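Hi everyone, thanks for coming. Please have a look at the screen, and I'll talk you through what we can see.

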Amino acid sequence: MAVAAVFGFTGYAMAGSSRPVTYEKTALSGQEIYIFQDANLNPDCTSAGLDEVQATSGPSHGSIRIVDGKVYPNFPKNSDRYKCNQQSDDGVQAFYKSAPGFKGQDQVSLSIHTFTGNARNVLVNITVE
């Protein structure tokens, strides 16, 4: 599994897990922020198919927008896909925006189903200031 601590997942096929990967984000009230990205790539950096990303719960105090588009992957140096970090590839991104004036804690749970038939979960805890 390849994980980018700041940008969310950039991954390839992996077995599902009952325990979600958790990320912490901070947003200004009413401002949209980037909370997640994912790209499913082959070792030669070609797309291995788009993953399906859905919000399965939350946010309670805002909205989420999920879009397909070009992303720059963030594979670790020990990955055979590390060279793919130099180019943008097809992927999916998620953005969060709190309700105007809201300050406090919010949370989004994402379900990712890969083109290759695997599934995983991501939990994003958001502090809104």
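I'll go through the sheets, then the cores, and finish with two side-chain pairs.

One thing to say at the start: this is a predicted model.

Let's begin with the sheets. As background, strands of a sheet pair through backbone hydrogen bonds, either parallel or antiparallel. Which order do the strands take in the three-stranded sheet? They run 4-7-6, in an open sheet with antiparallel pairing. Strand 4 and strand 6, which covers 62–71, are the edges, each pairing on one side only. From one strand to the next, the twist averages 25°. If you look at strand 4 and strand 7, you'll find five bridges joining them. Phe36, for instance, has Ala94 in strand 7 as its bridge partner.

There is also an open sheet of four strands, in the order 3-9-8-5, and here the pairing is mixed. Its edge strands are strand 3 and strand 5, and its twist averages 30° from one strand to the next. Inside this sheet, strand 8 and strand 9 run antiparallel and are joined by ten bridges. You can pick out His113 standing opposite Ala119 of strand 9.

Now, what sits inside? A general point helps here: in soluble globular proteins, nonpolar side chains tend to be buried together. In our model, the largest nonpolar core has 17 residues, and among those with the most contacts inside it are Ile35, Phe36, Tyr96 and Leu110. Which strands supply at least two residues each to this core? They are strand 3 (21–27), strand 4 (33–38), strand 7 (89–98), strand 8 (104–113) and strand 9 (119–128). Strand 9 gives the most, with four residues.

Leu110 is a nice one to click on. Leaving aside residues up to four places away in sequence, its contacts include Phe36, Ile64, Ala94 and Val122. There is also a second, separate core of six residues, including Ala39, Leu41, Cys45 and Phe75.

Let's stop at Ser109, which is found in strand 8. Is Ser109 buried or exposed? Its relative accessible area is 15%, so Ser109 counts as buried, the cut-off being under 20%. Beyond its sequence neighbours up to four places away, Ser109 touches Gln54, Ala55, Thr56, Ser57, Val122 and Leu123.

Next, the side-chain pairs. How many disulfides does the structure hold? Just one, and it joins Cys45 to Cys84, with 2.1 Å from S to S. The two cysteines come from distant parts of the chain, 39 residues apart: Cys45 is in the loop between strand 4 and strand 5 (52–57), and Cys84 is in the loop between strand 6 and strand 7. The angle about the S-S bond is -95°, and the link is left-handed. Both Cys45 and Cys84 are buried.

Last, the aromatic rings. A pair of aromatic rings is described by the distance of the centres and the angle of the planes. This structure holds one aromatic pair. Tyr34 and Phe95 form it, at 5.8 Å centre to centre with 55° between the planes, and the pair is tilted. Tyr34 lies in strand 4 and Phe95 in strand 7, 61 residues apart. Phe95 is buried too, with a relative accessible area of 14%.

That's my tour, and I'm happy to take questions!

Methods:
Residues numbered from 1 in each chain as written. Predicted model: local features only at pLDDT ≥ 70, side-chain atom pairs only at ≥ 80, totals over all residues. Heavy atoms only, no water. Core = buried A, V, L, I, M, F, W, Y, C linked by side-chain atoms within 4.5 Å. Buried < 20%, exposed > 50% of the residue type's maximum accessible area, 1.4 Å probe, protein only. Contact = heavy atoms within 4.5 Å. Pairing = 2+ DSSP bridges. Axes fitted to C-alpha atoms, helices over the stretch in contact; angles between N-to-C directions. Disulfide = S-S within 2.5 Å. Phe/Tyr/Trp six-rings, centres within 6.5 Å; stacked < 30°, edge-to-face > 60°.
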